[in-house]
Amino acid sequence: MTISSPHLISGPTLNFGPGMGVHPARRHFTPSHTFTPLTRYTSVADILMERARRDPNRETFFLVDIEDKLTSVTNAGMLALAQQAASALSRRGVKRGDRVFICFDTGPAQLCAFFGCSLLGAVPVMAEPPLGFARMLSWQERARKLTADAEVKAFIVEEGLRELAEPVAAERGGLPIMGPTELMEPGEPVDVPALRPDELAFIQFSSGTTSDAKGVMVTHGALMTNATRIAEATRTQPHHLNMAWLPLYHDMGLVGTLITPMIRDLQVALMPPLSFVMKPQRWLWAIHYFKAALSQAPNFAYLLCVNKIPDEELRGLNLSFWRLAFSGAEFIDHRTLEKFQQRFAQYGFRATTHFPVYGMAESVLAATFPDPDAEPYLDVISRERLYEDGEAVPVAPEDPNAMVLVGVGRPFPGHELRIVDADGAPLPERRQGQVLLKGPSLAAGYVNQPKLTAESFRDGWLWTGDLGYVADGELFISGRMKELIIKGGRNYHPFAFETAAAQVKGCRAGSVVAFGAPDPTAGTEHVVIVFETNVEDAAEVSALCKQVEKAVYDATGLRPDRVLPAPPRTLPKTSSGKLQRGRVRDMVLAGNLPSVPPKE
């Protein structure tokens with residue numbers, strides 16, 4: 001169910017594919033290299049009101065639903081919708097500083113709820129909707145934890161989730177629950193408060209399991225700083241459009257595809273994540289249709305486009321207006337960048353369009369960005385030296401020990417980056433250690449978790465838990481401290497195995513996990529590779545496992561001890577699409593991993 005309002009402009013049902021034209025409002029768009037000054041804002045509400053004042057009738061939000069139906073909203077229309085939502089919240093007792101649980105898929109209702117909270121000075125707590133009936137109960141448990149941790153004062157949820165939300169709301173003293181209809185109740189506009197930089201703009205919960213979910217407290221000051229730095233670093237202009245399918249309950253979606261474009265007065269086109277998952281070509285055709293200059297996705301999405309879109313579905317595609325293809329939120333594999341560029345160069349995609357980035361919710365979104373006009377910086381180093389002594393030693397590309405890492409840029413002005421050893425001592429260039437960040441973009445800590453906040457935020461520095469090194473001033477991420485696999489006294493990073501296996505035809509993109517399992521007899525760890533596949537024939541599956549084993553060995557110099565195929569949609573993922581290595585490991589060790597072909 002969605003909302004109905006005269007402020008929503010109904011458009012056509014789009015058919016993303018060959019023969020598609022360009023949106024009428026974007027048809028005569030041509031790039032400009034004249035850069036205009038960036039407006040400084042204090043809050044999301046400030047952005048919303050200023051855009052409506054300056055250019056009220058400009059259509060700036062384009063929303064495509066799961067059935068490809070287009071709806072657009074003007075600046076003035078979005079402000080009016082947000083005012084209605086803010087008024088409805090206010091009448092139910094929600095006030096400045098109160099936390100509000102919001103759960104919708106991408107669409108007008110989600111924007112109304114988020115912006116309504118922003119106008120009121122309330123704090124949105126964005127949550128992912130359950131995909132399928134089987135996840136309903138787990139959603140309720142997650143909602144229970146999030147509302148308790150964040151001390152939520154109200155719920156705004158899809159109509160289909162009201163029944164599940166009711167017992168959670170009752171446990172919290174009978175909190176009000178609103179659906180799309182209540183959001184649009186007529187009412188008097190609220191007075192928009194002048195918000196301080198240290199007040200919370202939203203709480204971003206991590207997308208892990210229910211038990212380890214932690215809420216990152218993002219202030220208005222940190223949000224506006226980070227969004228402004230992103231806009232400056234990418235040299236975006238008001239005539240650009242940002243098109244994305246990333247979920248808005250995730251930091252890369254909320255900040256990267258919605259708030260940052262707004263701060264630069266960009267138009268924004270959004271579609272639900274499931275639209276991309278069902279048909280990856282929808283994403284590329286949406287970029288074509290809107291002449292999008294910016295779009296964002298994790299590494300697996302680019303690989304999915306390479307492997308899963310038939311050639312006939314790309315006839316007439318034009319990606320020449322795509323200026324920056326952000327790649328982040330997971331490990332970035334240089335082979336994916338190269339394959340994507342090779343396949344889509346004929347459709348206008350340029351090597352300089354790739355834009356590998358690094359960040360996390362604890363830094364609002366972005367921590368480092370590369371040069372937006374340069375090709376990605378690829379560092380060819382000795383795999384053996386990195387694994388044995390943590391030194392990134394350059395080698396020739398043809399060296400049998402060569403591995404390639406992708407540079408993710410430098411910190412923003414006013415921000416700092418440091419690589420430290422286990423004792424916290426700074427390390428020189430090309431020495432691997434933990435990545436530390438410092439600057440005005442850092443979050444205020446974790447909600448209701450003072451111990452974890454004290455451990456992660458120390459003396460103004462964020463201890464990220466990521467491993468990396470700096471070369472020529474640019475950051476290279478090499479792994480996660482907690483996910484290292486120790487084999488024969490050497491440290492291996494799971495992504496090295498996973499990205500190698502993912503290149504094998506038959507392995508589902510974004511569905512490969514590597515982990516270490518105890519081997520008491522050898523006193524070390526087994527290396528286990530688990531991958532999803534659509535292949536079912538026993539002989540073909542056996543051959544595929546051998547190909548995976550060889551690919552991993554060729555890329556890492558280490559032969560995996562076990563290679564396990566699994567049916568599609570077997571491996572658990574977080575709400576943002578990240579595979580949960582720990583849960584996969586538990587499934588394998590408990591003997592609960594479904595097999596391919598199925599056991600008789």
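Which residues have the most contacts inside the largest nonpolar core? In this predicted model, they are F115, W283, L284 and F344, and the core they belong to has 166 residues. The element that gives the most to this core is helix 3, residues 108–120, with nine residues.

**Around F115**

Let's look at F115. Setting aside neighbours within four places in sequence, F115 touches V44, L48, F61, M78, A82, L258 and M262. In general, nonpolar side chains of soluble globular proteins tend to be buried together.

Two of those partners, V44 and L48, turn up again in helix 1 (residues 44–54), among its buried residues. The full buried set of helix 1 is V44, A45, I47, L48, E50, R51 and A52, so the list takes in E50 and R51 as well as nonpolar residues. As for what sits over these buried residues, the cover includes strand 2 (59–64), helix 2 (75–91), helix 3, helix 7 (220–234) and helix 8 (251–263).

**The largest cavity**

On to the empty space. There are two cavities of 30 Å³ or more, and the largest holds about 70 Å³. Its lining is made of 13 residues, and S363, A367, H415, L437 and K438 are the closest to its centre. By class, the lining of this cavity is mixed: six nonpolar, five polar and two charged residues.

Three strands each supply at least two residues of that lining: strand 16 (366–369), strand 20 (416–420) and strand 21 (433–438). Strand 16 gives the most, with three residues.

**Cysteines**

How many disulfides does the structure hold? The count is zero. A disulfide is a covalent bond between the sulfur atoms of two cysteines, and here the cut-off is 2.5 Å between those atoms. Two cysteines show how things stand:

| Cysteine | Closest cysteine sulfur | Distance | Relative accessibility |
|---|---|---|---|
| C112 | C117 | 11 Å | 0% |
| C305 | C507 | 18 Å | 0% |

Why is C112 unpaired? Its sulfur lies 11 Å from the closest cysteine sulfur, in C117, and that is too far for a bond. C112 also counts as buried, because its relative accessibility is 0%. C305 is in no disulfide either, with the nearest cysteine sulfur, that of C507, 18 Å away. C305 is buried too, since its relative accessible area is 0%.

How values were computed
Residues are numbered from 1 along each chain as its sequence is written. This is a predicted model: local features need pLDDT of at least 70, side-chain atom pairs count only at pLDDT 80 or more; totals for chains, interfaces and linings use all residues. Side-chain values use heavy atoms; hydrogens and water are left out. A nonpolar core is a set of buried Ala, Val, Leu, Ile, Met, Phe, Trp, Tyr and Cys residues joined through side-chain atoms within 4.5 Å. Buried means under 20% relative accessible area, exposed over 50%, partly exposed in between (1.4 Å probe, protein chains only). Helices (H or I, at least four residues) and strands (E, at least two) are DSSP runs, numbered from the N terminus. Contact means heavy atoms within 4.5 Å. On a 1 Å grid over the protein atoms alone, a cavity is a set of points where a 1.4 Å probe fits but cannot get out, and a pocket is an open set with protein on both sides within 12 Å along at least five of seven lines; lining residues have an atom within 4 Å of a point. Grid points are joined across faces, edges and corners, and a volume is the space filled by probe spheres set on the points.
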